[in-house]
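Q: Please take one part of this structure and look at it closely, working outward from there to whatever it touches. A plain account will do.

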Amino acid sequence: MSSLTVTDEHVSAKPAKVIQPVWVRVMHWTNAVAMILMILSGWQIYNASPLFSFSFPRDYTLGGWLGGGLLWHFAAMWLLMINGLAYLVTGFATGRFRKKLLPITPSGVLHDVRAALTFKLGHDDLTVYNYVQRTLYAGIIVVGVLIVLSGLSMWKPVQLHWLVMLFGDYPTARYVHFFCMSAICAFLVIHVLLALLVPKSLRAMIIGR
Amino acid sequence: MAKRSFLIPGVDKRLLIKDSLKTMPDVTRRRFIAGGASLGALTLLTGCDVVDSSSAEAFLTKVSKFNDAVQDFIFNPDALAPTFPESAITKPFPFNAYYDLDDAPEIAADDWKLEVRGLVDNKKSWTLPELYKLPQVTQITRHICVEGWSAIGSWTGTPLRDFLKLVGADTRAKYVWFQCADKDGYNSPLDMRSALHPQTQMTFKYANEILPRAYGFPMKIRVPTKLGFKNPKYVVSMEVTNDYKGGYWEDQGYNSFSGS
């Protein structure tokens, strides 16, 4: 039966069409939960001694007061770190980072940014990231590593003194931590917006295809 | 325009006290779980019932205890807090407490005695002149507050580990528990390994002057490896003990190890 054969071929061909493998999806959503917990509790901690002349609105903070914010922050920290570490190891080991995010060339980025700004950037093939996506995703991985390192140096400035030195000093590590959070928030806005504009990318991150 | 006195760059004294008050939890201590309308959104996202405050609080307390154990495990008693040159000292070094400076304990040096209790051979109380005779060292280190701000100060006094040896303390005990003269009876437990850290100090002087009232006259315990709230001021007694007796801030939810 030829039609059956075709169906079989379809079935056997399907795994190749998976856009987002299971591990990527699980780690992506785990990271989303961990990040939101970290950001909201982090805003609570920030409000106790603001670096700038503004505080975050109380309704968008987690924990109710500094002590509660710290409890949330230092609990979600484990989720973020373990999941993040697993993601980095798997990303490098499977070659996904290399395949999906490289190369990033200045001319390619320039071309795709221009295309994006004139709404001509296609998302036809979800298996291939355009240069804007590559830059954003590679960039946010770097920011993710930085925010964990600056966070660790604020948590253990004596034990991890060498890490603090990497940032200059303790107050600077605090600023780095804040600006990384800002970068993640900006990324979140763009990321969610784009996912809503290209719903099939959101579907791929949920069901894989 | 109201005149503001700045204690450390960018930190306003009134705001600092206001912030300290703000960090006080509600009497109910439940606000921290129910707090934040964002929790509603969070519930939708995670599918967990985080609004069930008692189970969330119990869970967070468990993780905090786990974090205590992890921090104790990675604590290296030989790692020294960075020291700074005199030029790096924050001037003026901020007064910080959950009360205004006017409400800070006023201690008469002649009446004050340091009580030593618990697992020690010599339980005699110490007068200030007796303590002043002990060998003293100076350290310029960074004080890091649980709120995130920090300031560098110059502290002079006797290493706590020398004093513990002098009074024959059982250094295998788990804690040295400090009690203070604050109106609310401030107290705080210090794990023994941190108490024996070479930079942990019974401080009698700030910037080579007798410790002012603002910084804890007559004696402060300076622990550069801990956050500020675990640096008790106006100390009146220390007890070497195996029991975890809690502390003023620890009981309200701050992580007890809170070590850097």
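A: Two residues are said to meet, or to be in contact, when heavy atoms of theirs lie within 4.5 Å. The model is a predicted one. With that cut-off, the part to start from is the pairing of helix 5 and helix 6 of chain A. From helix 5 of chain A, the residues A:Gly108, A:Val109, A:Asp112, A:Val113 and A:Ala116 meet A:Tyr131, A:Val132 and A:Thr135 of helix 6 of chain A. Sorted by class, this contact has five nonpolar residues, two polar and one charged. Helix 5 covers residues 106-117 of chain A, and its axis lies 7 Å from that of helix 6, at an angle of about 110°. At that angle, helix 5 of chain A is roughly perpendicular to helix 6 of chain A, because angles of 65 to 115 degrees count as such.

Just ahead of helix 5 is a loop with a backbone feature of its own. A:Pro103 sits in this loop, between helix 4 (96-101) and helix 5 of chain A. The peptide bond that leads from A:Leu102 into A:Pro103 is cis, with omega near -5°. As a rule, most peptide bonds are trans.

Chain A as a whole has nine helices and zero strands. Read from the N terminus, the order is α-α-α-α-α-α-α-α-α. The C-alpha trace of chain A spans about 70 × 35 × 35 Å along its principal axes.

Another helix pair in chain A is arranged in another way. The axes of helix 2 and helix 3 of chain A cross at roughly 150° and come within 8 Å. Since angles over 145 degrees count as roughly antiparallel, that is the description for helix 2 of chain A against helix 3 of chain A. The crossing of these two helices is left-handed. Their contact has 17 nonpolar residues, 10 polar and no charged ones.

Helix 3 of chain A also reaches across to chain B. There, helix 3 (residues 66-93) of chain A and helix 4 (residues 53-74) of chain B have axes that come within 9 Å and cross at roughly 70°. This angle makes helix 3 of chain A roughly perpendicular to helix 4 of chain B. The crossing of helix 3 of chain A with helix 4 of chain B is left-handed. On the chain A side, the contact has A:Leu71, A:Trp72, A:Phe74, A:Ala75, A:Met77 and A:Trp78 of helix 3, which meet B:Leu60, B:Val63, B:Ser64, B:Phe66, B:Asn67 and B:Val70 of helix 4 of chain B. In this contact 10 residues are nonpolar, two are polar and none is charged.

Helix 3 of chain A and helix 4 of chain B also take part in lining a cavity. The whole structure holds two cavities of 30 Å³ or more, and the volume of the largest is about 870 Å³. The lining of the largest cavity has 45 residues, and those closest to its centre are A:Ile45, A:His73, A:Phe74, A:Met154 and A:His177. Two or more lining residues each come from helix 2 (22-48), helix 3, helix 6 (131-155) and helix 8 (170-197) of chain A, and from helix 4 of chain B. Helix 3 of chain A gives the largest share of this lining, with eight residues. By class, the lining of the largest cavity has 31 nonpolar, 12 polar and two charged residues. Helix 6 of chain A, where this account began, is thus among the elements of that lining, while A:Phe74 appears both in the contact with helix 4 of chain B and among the residues closest to the cavity centre.

The second largest cavity has a volume of about 410 Å³. Its lining has 28 residues, and B:Asn96, B:Ala97, B:Gly228, B:Phe229 and B:Lys233 are the closest to its centre. Of the lining residues of the second largest cavity, 18 are nonpolar, six polar and four charged.

Two loops of chain B close the account. B:Pro218, in the loop between strand 10 (209-210) and strand 11 (220-222) of chain B, follows a cis peptide bond from B:Phe217, with omega near 5°. B:Ala207 lies in the loop between strand 9 (201-206) and strand 10 of chain B. B:Ala207 is not a glycine, yet its phi is positive, at about 50°. Most residues other than glycine have a negative phi.

Technical notes
Residues numbered from 1 in each chain as written. Chains lettered and ligands numbered in written order. Predicted model: local features only at pLDDT ≥ 70, side-chain atom pairs only at ≥ 80, totals over all residues. Heavy atoms only, no water. Axes fitted to C-alpha atoms, helices over the stretch in contact; angles between N-to-C directions. Helix = DSSP H or I, 4+ residues; strand = E, 2+ residues; numbered from the N terminus. Parallel < 35°, antiparallel > 145°, perpendicular 65-115°, else oblique. Left-handed = near helix turned anticlockwise from the far one by under 90°. Nonpolar A, V, L, I, M, F, W, Y, C, P; charged D, E, K, R; others polar. 1 Å grid on protein atoms, 1.4 Å probe; cavity = no way out; pocket = protein on both sides within 12 Å on 5 of 7 lines; lining within 4 Å. Points joined across faces, edges and corners; volume = space filled by probe spheres on them.
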